[in-house]
Amino acid sequence: MFQTFESHADPAHGKERVPLLRAELARRGVDGFLVPRADEHQGEYVAARSDRLKWLTGFTGSAGAAIVLSESAAIFVDGRYTLQVRDQTDAGIFSYESLVETPPAKWIETNLTAGTRLGFDPWLHTVAETKALRNACEKAGGELVALDGNPIDAIWADQAGAPVGEVAIQPVGFAGELTKDKIVRIGDAIRAGGATHTVLTDPSSIAWLFNIRGADVEHTPLALAFAIVPAEGRPSLFIDPAKLGIEAKAYLTQLAELHAPAALEPELRTLAKDGATVGLDPQLAAEWLRVTIEDAGGKTSDLPDPARLPRACKNEAELNGSRAAHKRDGVAMARFLTWLDAQQPGTVDEIAVASRLESARAKAGEDVQMPLRDISFDTISGAGPNGAIIHYRVTTNTNRKLAAGELYLVDSGGQYQDGTTDITRTVAIGKPTEAMRRHYTLVLKGLIAVSTLRFPAGTRGQDVDPFARRALWQAGLDFAHGTGHGVGSFLAVHEGPQRIARTGTQALLPGMILSNEPGYYRLGEYGVRLENLIVVEDAAQIAGGEIAMHGFETLTLAPFDRRLIDVTLMEKAEIDWLDAYHARVASELSDQLEDDVKTWLAAATAPLSQ
């Protein structure tokens, strides 16, 4: 079992722990403190010791922040967590704010009083974020104060130690490119960016560059480390030696100078004294890095992480691996959905169903000797009203039966060595209502609109996002999350810089894998979300057209619930696409399925006209 279902959230945490934090802040001579959900690498995926926001507040979501002042406190979440945060935190301690509409910097401008000294941990905020926070404090007449050591660590008695997951080599057959060649590419990009060195802070970039994977955070095969990469010469990798077995150490020693993490600061100071220009990605690099280099007399420059785009644009080996992983995942989904369809309403619960799906993935991997390494995130298994909670995480406290007349939403994924998967399906338990069928079909129309889109070079994620929402908008409906996130190659299931959202400014490039997941959520009743993974195809000419256009290849292979589709709301082209997709699902999966599953799949993928 890769997922545990015990609840570790407790609204009482805030009442117990915020006073402890305030006392520690007073001891340090500051009036408040910023608590992001972040670690030194600024990633979404943090080790247990770095989940300070959860420890302080009880909130378990993957994105958020808090500000604790001497007399008040606020917690910030996005649209995915507006319900969850109220369940998990104490409204008597925290006010609830929008991470999007009123982010911390904006909140500070209007809520900080003159003379307030607001503390922050420079390891946990990026260069760009710190600049915005400092400007906001100054506008309010306050001061942003960098603290030496995190005050939460000083009061967290049972804080976990630093993770030491074992590092493994990602074979070139899956990676598609040798590390030595990647180092040359990255060096060229550093030189072109006007720097002599860069600091890679994103563990996904380090995993990609060195063709390694780790086990330091849940569900994502990352080794937490830093790297200094020069425009010319050998990089330096700063990683706990306890993570390196004999094979990994021998492999990495051929490629880089290996150092313990404590050596990072003196190495940066040496570079500064030697006149290096160190490129830092202002959106990713911690403020601590900038200050350390500049205090030593060195020079920093803004340089986007040079590994980020190459990592996002998958090569043919990575794409072939993803296709194989999705076919395997499709087999698991077919077996799982066959089983689910055979259960009597009210006899199984959210935990049992999520566990069954995990087992199905494990079996599908065993069948072809490509084991399931992990799930790619905690499965969202939501029955009835729980499906309306966008990032619902079932626990033993919230576990609910799948009852007749309800919808069941399951969002899940797997980590295989050849690829990362993420799929959402919503299914009817018993007979659905007409409202359910209408909302499901409107969401499906959005997924099809993105799937069939053709677009010119330079099109950004924010340009694509409205296509997923058009049918919902026409009905006066919408959903409070992005349409799609990037996905890694046996890496993070949420990968940047590509995304399909109002904030998606990155142009979509060939080889980028994204999710396509519109939704609709009726509070207290049900949720609908449908998700396939797609990959940007090379631009191609269209018959009679003048401009070569990109399109999307769909990777995910699993049927949609025909019982929930209102054909009268669909156009012929949409029906044709769905029938062709279902025919492909049946064709690619059937030869690997047992007879009963094959029979179920044939019915589930029958043309809509039947």
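**Exercise 1. The β-α-β unit and the sheet around strand 3**

Task: State how many bridges join strand 3 to strand 4, and describe the sheet to which these strands belong.

Solution.
Step 1. Strand 3 (residues 73-77) and strand 4 (residues 95-98) run parallel and are joined by 4 bridges. This model is a predicted one.
Step 2. One pair within this ladder is F76, whose bridge partner in strand 4 is E97.
Step 3. Together with helix 3 (residues 82-88), strand 3 and strand 4 make a β-α-β unit, and the unit is right-handed.
Step 4. Now take the whole sheet. It is open and has 6 strands in the order 4-3-2-1-5-6, with mixed pairing.
Step 5. Strand 4 and strand 6 (143-146) are the edge strands, as each pairs on one side only.
Step 6. On average, neighbouring strands of this sheet are turned by 25° against each other, direction ignored.
Step 7. Strand 2 (residues 65-69) is joined to strand 3 by 4 bridges, and these two strands run antiparallel. Here A66 has I75 of strand 3 as its bridge partner.

**Exercise 2. Helices on the same sheet**

Task: Find which strands helix 1 touches and which strands helix 5 touches.

Solution.
Step 1. Helix 1 (residues 12-28) packs on the sheet and touches strand 1 (32-36), strand 2 and strand 3. The direction of helix 1 makes about 60° with that of strand 2.
Step 2. Helix 5 (residues 127-139) also packs on the sheet, where it touches strand 1, strand 5 (117-120) and strand 6. The angle between the directions of helix 5 and strand 6 is about 140°.

**Exercise 3. The sheet that contains strand 8**

Task: Give the strand order of the open sheet that includes strand 8, and say which strands helix 9 touches.

Solution.
Step 1. The sheet has 6 strands in the order 12-11-10-8-13-14, and the pairing is mixed.
Step 2. At the edges are strand 12 (257-259) and strand 14 (299-302), each of which pairs on one side only.
Step 3. From one strand to the next the twist averages 25°.
Step 4. Helix 9 (residues 203-210) packs on this sheet, in touch with strand 8 (197-200), strand 10 and strand 11, and its direction makes about 55° with that of strand 10.
Step 5. Helix 11 (residues 264-273) lies across strand 8, strand 10 and strand 11 and runs at about 25° to strand 10.
Step 6. Strand 10 (residues 226-230) pairs with strand 11 (residues 236-238) in the antiparallel sense over 3 bridges. F226 has F238 in strand 11 as its bridge partner.

**Exercise 4. Two residues, L200 and D202**

Task: Decide whether L200 is buried or exposed, and do the same for D202.

Solution.
Step 1. L200 lies in strand 8. Its relative accessible area is 1%, so L200 is buried.
Step 2. Residues that L200 touches, beyond those up to four places away in sequence, include I206, L209, F226, D305 and P306. A225 is also touched by L200; the two are 25 residues apart in sequence and 8.8 Å apart in space, C-alpha to C-alpha.
Step 3. D202 lies in the loop between strand 8 and helix 9. With 13% relative accessibility, D202 counts as buried.
Step 4. The side chain of D202 reaches the backbone nitrogen of S204 at 2.8 Å. Leaving aside neighbours within four places in sequence, D202 is in contact with D305 and R311.

**Exercise 5. The surroundings of K314**

Task: Which residue has a side chain joined to that of K314 by a polar contact of 2.8 Å?

Solution.
Step 1. K314 lies in the loop between helix 13 (308-312) and helix 14, and is buried, with a relative accessible area of 6%.
Step 2. The polar contact of 2.8 Å joins the side chains of K314 and E495.
Step 3. A polar atom of the K314 side chain also lies 3.1 Å from the backbone oxygen of V487.

**Exercise 6. Helix 16 and helix 18**

Task: Check the span of helix 16 and that of helix 18.

Solution.
Step 1. The 18 residues of helix 16 (residues 434-451) should span 26 Å at 1.5 Å a residue; the end C-alpha atoms are 25 Å apart, which agrees.
Step 2. Of those 18 residues, 14 are buried, so helix 16 is largely enclosed by the rest of the structure.
Step 3. For the 18 residues of helix 18 (residues 572-589) the expected span is 26 Å, and the end C-alpha atoms are 26 Å apart, which agrees.
Step 4. Among the buried residues of helix 18 are W577, L578 and Y581. The buried residues of helix 18 pack against elements including helix 14 (316-341), helix 16 and helix 19 (595-604).

Definitions and conventions:
Residues are numbered from 1 along each chain as its sequence is written. This is a predicted model: local features need pLDDT of at least 70, side-chain atom pairs count only at pLDDT 80 or more; totals for chains, interfaces and linings use all residues. Side-chain values use heavy atoms; hydrogens and water are left out. Two strands pair if DSSP finds at least two bridges between them. Axes are lines fitted to C-alpha atoms, for helices over the stretch in contact, and angles run from 0 to 180 degrees between N-to-C directions. Contact means heavy atoms within 4.5 Å. The expected span of a helix is 1.5 Å times one less than its number of residues. Buried means under 20% relative accessible area, exposed over 50%, partly exposed in between (1.4 Å probe, protein chains only). A crossover is right-handed if, with the strands pointing away from the viewer, the path from the first strand over the helix to the second runs clockwise. A polar contact is a pair of N or O atoms within 3.5 Å; within protein, one must be able to donate a hydrogen and the other to accept it, and residues adjacent in sequence count only if both atoms are side-chain atoms.
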